[in-house]
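Biologist: Could you take one part of this model and go through it closely, explaining each term as you come to it? I would like to follow how helices pack against each other.

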Amino acid sequence: VIADGGGQATITSDRLSESGLELAELSAATRKRLAAILFPQASLANPVDVAGSSDADPEVLARCVEIVADDDNVDAIFLVGMFGGYHTRFAESLLGGEMRAAESMIELARRSGKPLVIYSLYAPVKPPALRRLHEAGLPVYSSIEHAVKVLQALAERGIYLQHQHGQPLQAGVTPLEHMQAMFARAQNEGRDLYEFEAKTLLREHGIAVAEEVVAHNVDELAAAGEKFGEQPLAMKVVSKDILHKSDAGGVKLNLVGEAALRAAFDQIMSSCRAYDAKADIRGVLVTPMARRGTEVIVGVVRDPIFGPVLMFGLGGIFVEILEDVAFRAIPLSRHDAQAMVEQLKGRKILAGVRGEPPVDKAALVDLLLKVSSIVSAYPQLSELDLNPVIAYPDGYAVVDARIITNRSVVSN
């Protein structure tokens, strides 16, 4: 930090500390070089307070920036004070010095890999020197807090790139012929994947999905009863035309025994026909009720600029109200996936609160990597929504899955 006033230096130090950023310890050589151009009363420790040294010569600030940039302990430079307003505050003749200082800082920014961020009291009036810095692409702000947030984002980006260097991307998966055929059928019929098809794709590539049975008519419910026994079951309608199953009365829970399954089947058919008389209904999906755990959500969209982007967050009310989610471009490295899990504001919930056990974070990281690989392998997959995924201390289970097909990509 380079400041032209003690009060600004103190405020800036506090804000940087609050944001988790550290003030660099300047080397003895750097302090010696600063002492050679600043008044004796100047503070040479970080933050550097020029203590009026620049009042009659604004170019002193540019020389300070250059000296500090040469220090190997410094990753970024924050210039704080009233640069750009010296000619207004002290003497009009100082405008030339401010413009030369601006050009020096622009040249330094071009040849140095260290970010330079400027806060000035005079930023709102856009004096010539600050306009020149802005035109050259240097960030100039009228708020210390805003500037600190930018420095914080730059630091996070630097850490990400540092970790990313040499980090291998997750090994891809080979698209399966029968899964390609499944996508082709859906595309030819002008629809997205049915839920059971989406879950089949996930299961085929090693993702933990609960067992299920598709019953096309009431007589096929017996197979579900035989497979799952007397445990509570959930039943959901299978239809490309009914996206919001609960709204249509297409979901029944806690069903035990074949009689309950038959009654639920009839109720679902009746409700869904009333909801949409023309809906193409293929039957119902029967699966065991998921045991209690922590809900998370995994999603994928295809951004026109970044391509496929993966989203991870806490599920239930957390994603709807708090919008606590993390994003990364696909394909992911293991560090990407780990960072997404740890980035959430509500990560303490995953670690276990109020007596709840912590979830299996390693399993969630594995899930994110497998989803990344699937999306990379199947360009026919346009969007994906796994909500909820129930996270447990010993793994996870995908409860609901939706995959939207890319109609512009034809399956092989």
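Modeller: An angle between two helix axes under 35 degrees counts as roughly parallel, over 145 as roughly antiparallel, 65 to 115 as roughly perpendicular, and the rest as oblique. The axes themselves are lines fitted to C-alpha atoms, for helices over the stretch in contact, and the angles run from 0 to 180 degrees between N-to-C directions. Helices (H or I, at least four residues) and strands (E, at least two) are DSSP runs numbered from the N terminus.

This is a predicted model, in which local features need pLDDT of at least 70 and side-chain atom pairs count only at pLDDT 80 or more, while totals for chains, interfaces and linings use all residues. Residues are numbered from 1 along each chain as its sequence is written, and side-chain values use heavy atoms, with hydrogens and water left out.

Let us look at helix 5, which spans residues 95-111, and begin with its packing against helix 3, residues 59-69. The axes of these two helices lie 7 Å apart at an angle of about 15 degrees, and helix 3 and helix 5 are therefore roughly parallel to each other. Helix 3 passes helix 5 in a left-handed crossing, a term used if the near helix is turned anticlockwise from the far one by less than a right angle, with right-handed used if clockwise. In contact, meaning heavy atoms within 4.5 Å, are Glu59, Ala62, Val65, Glu66 and Ala69 of helix 3 with Gly97, Arg100, Ala101, Ser104, Met105, Leu108 and Arg111 of helix 5. These residues divide into 6 nonpolar, 2 polar and 4 charged, where Ala, Val, Leu, Ile, Met, Phe, Trp, Tyr, Cys and Pro count as nonpolar, Asp, Glu, Lys and Arg as charged, and the others, Gly among them, as polar.

Helix 5 also packs with helix 6, residues 128-135, where the axes come within 9 Å and cross at roughly 15 degrees. That angle makes helix 5 roughly parallel to helix 6, and helix 5 passes helix 6 in a right-handed crossing. On the helix 5 side the contact is made by Leu95, Glu98, Met99, Ala102, Glu103, Met105, Ile106 and Arg110, and on the helix 6 side by Pro128, Ala129, Arg132 and Leu133. The residues of this contact comprise 8 nonpolar, no polar and 4 charged. Met105 of helix 5 takes part in the contact with helix 3 and also in the contact with helix 6.
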